[in-house]
Amino acid sequence: MDPVVAAAVADAHRTEWGRVLAAAARLTGDLDAAEECAQDAYADALASWTSHGVPDRPAAWLTTVARRRAMDIIRRRDTLRGKLPLLAGHDDETGDGLVESGEHEAFPDDRLRLIFTCCHPTLASDARVALTLRLLCGLTTAEVASAFLTSEPTMAARLTRAKKKIAAARIPYRVPGPDELPDRLAAVLDVVHLVFTTGHTAPSGLALQRRDLAERALDLARMLRLLLPDEPAVAGLLGLILLTDARRHARTDPAGRLLRLAEQDRANWDQGEISEGLALARQALRRRPYTRYPLMAAIAATHATAPAPGAPDWAQILALYDQLSAIWPSPIVALNRAIAVGEAHGPTAGLTALDALAAEPQLAGYHYLPAARAEYLRRQGRHDEARLAYDEALLLAGNSTERQFLADRRAQLPRTSASS
Amino acid sequence: MAEYMVFIWGDEQAWERADPATVEQTMAAHRDFIARHGAALRGGNRLYPSGVSTSIRHTPDGGVAISDGAFAETKEVIGGYYLIEAADLDEALRIAADVPAPSGGVELRPVLPTS
């Protein structure tokens, strides 16, 4: 196989899969059939590009082929007319106006419809993430399963069930109207953010990061930015992802040990991503009232612009967390806010804020809570209590790099407690 | 267009204990709902309490086992239903969100088309 062609197909698979599938879905009104069309188009590309060269616009080429396959499916379906439930909102006028077009034809970009369908609030949230990775990003079922630490048959069943609900309950293949858009967009952004956080710090395993997932999330956020350029929430999410992702090479030392923000060599931050992220954060904050992601981008921007390593303006970060908890009262936000309290007002205030969250059921298995307690107990010289808190965090943490970090911090505690 | 069944789930004991003003308020809310969404309604009724339900299960030997009461013993039971028609799930959700269900909520289930 020609390596240039193989690379071009692989690249187009990564960047254009969602667009090709979305265009086919508009015609077939059936996500399974659309997946088949997209798969056929990429298989054809491998053969055709080998003989005729890689086209100037691979996306248009692939979309044309996928649409042609979709037309074949529709014709077959018309002869064997079954009672298949079809996607509500897809093009019903099959055939008309679908003259087979040249590869320079501009097709409507249906990826927004597709992502709003995949992230519909009537689907379970794990199903939304799975569908988005499968249909928009083109991950195989096995790859999606591995992202969720579940088996391939389990994931296949989850995807089938979700697609069945989309068809049977008639979840529309449509971008929501202006009155529904803010809530529905928030659901989409949450999926992209979850994919990013899962990639940025893998919940378990040996590697700290899952770059494949982090990069997919970045691709999705860039796609949303392109298609919804006026939405501050989208600018905020992309800014947040860039400002966080910019630190990817600085988060561990050459031996693979986790470095805290204060210990990171800022020369290793991706300056291109930092400046792009800062510009997006500024843009996201131009419109009020602030929503979740613009505020989170503002927090990330405050860290990124700290005058000295590890010494950001904590009073400003705390004020931003106060605003964030007012509009989004989640336990995770409350935990981050409590940490900001400790940094802004000292370990005693931090511990008081953390202890107020001790009974929060959603934080019960979350290792960052005892890890934060351990840090403030250490700063108070309460080393025995800090040791216990590190033990608790170690019981809950699943990522090897994070576990090593916690074990190292614990080992660095003096043997005897300085507390009374 | 598609049909959706809107099951109205609620705490029927709370309903039986409710004072006349609350009952009247709920009935008025249903009249308002019917007036507002009449065009989408294909049917709907209030049901007798689950205590007068009869459950019928098919047994492995081909017969039926009949038992008194609802299928599942839960605090919340189906107290009524509407059958609605909507273009898609978003439209059905907007209609179903208006169904009065003061002691519970509603469940929206697409009707499988026949023929």
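Is R14(A) buried, partly exposed or exposed? Select it and take a look: R14(A) is partly exposed, with a relative accessible area of 34%. On this scale, buried means under 20% relative accessible area, exposed means over 50%, and partly exposed lies in between (1.4 Å probe, protein chains only).

Before going further, note that this is a predicted model, in which local features need pLDDT of at least 70 and side-chain atom pairs count only at pLDDT 80 or more, while totals for chains, interfaces and linings use all residues. Residues are numbered from 1 along each chain as its sequence is written, chains are lettered from A and ligands numbered from 1 in the order in which they are written, and side-chain values use heavy atoms, with hydrogens and water left out.

**Stop 1: the partners of R14(A)**

Add E215(A) to your selection. Its side chain forms a salt bridge with that of R14(A), at 3.7 Å from N to O. The term salt bridge stands for a side-chain nitrogen of Lys or Arg within 4 Å of a carboxyl oxygen of Asp or Glu. R14(A) belongs to helix α1 of chain A and E215(A) to helix α9 (residues 211-227), so this pair ties together parts that are 201 residues apart in sequence. E215(A) is partly exposed too, at 30% relative accessible area.

Now bring in R211(A). E215(A) also meets this side chain in a salt bridge, with 3.8 Å from N to O. Here the two residues are four apart in helix α9 of chain A, a separation of about one helical turn. R211(A), at 24% relative accessibility, counts as partly exposed.

To see what surrounds these residues, select R14(A), R211(A), E215(A), D219(A), D245(A), R248(A), D270(A) and E273(A) together: salt bridges link them in a network. Over all chains, the whole structure has 43 salt bridges.

**Stop 2: further along helix α1**

Stay in chain A and move to R26(A), which lies in helix α1 (residues 3-28). Is R26(A) buried or exposed? At 13% relative accessibility, R26(A) counts as buried. Show D110(A) as well, because the side chains of R26(A) and D110(A) make a polar contact at 2.6 Å, where a polar contact is defined as a pair of N or O atoms within 3.5 Å; within protein, one must be able to donate a hydrogen and the other to accept it, and residues adjacent in sequence count only if both atoms are side-chain atoms.

**Stop 3: chain A as a whole**

Zoom out and switch to a cartoon view. Chain A has 18 helices and zero strands; helices (H or I, at least four residues) and strands (E, at least two) are DSSP runs, numbered from the N terminus. The C-alpha trace of chain A spans about 85 × 50 × 40 Å along its principal axes. Of its 420 residues, 50% are buried. Contacts, meaning heavy atoms within 4.5 Å, are also worth a thought: among those in chain A between residues at least 6 apart in sequence, 67% join residues at least 24 apart.

**Stop 4: chain B as a whole**

Next, select chain B, which has three helices and six strands. Follow the chain along its sequence and you will meet the pattern β-α-α-β-β-β-β-α-β. Its C-alpha atoms fill a box of roughly 50 × 45 × 15 Å, taken along the principal axes. Buried residues make up 28% of the 115 residues in chain B.

**Stop 5: where the chains meet**

Show both chains together. How many residues does each chain bring to the contact? Chain B gives 11 residues and chain A gives 12 residues. About 890 Å² is buried between the chains, with carbon and sulfur atoms giving 51% of that area; buried area is the accessible area (1.4 Å probe) that two parts lose on being put together, summed over both. Highlight D88(B), L89(B) and D90(B): they supply 51% of the area that chain B buries against chain A, more than any other three residues.

Four salt bridges run between chain B and chain A. One of them joins R174(A) to D90(B), with the closest N and O atoms 3.9 Å apart. The elements giving two or more residues to this side of chain B are β1 (2-11) and α3 (89-96), and α3(B) has the largest share, four residues.

For a last selection, pick R94(B) and E180(A), whose side chains meet in a salt bridge (2.8 Å, N to O). This pair crosses from helix α3 of chain B to the loop between α7 (152-168) and α8 (181-200) of chain A. R94(B) is partly exposed, with a relative accessible area of 42%.
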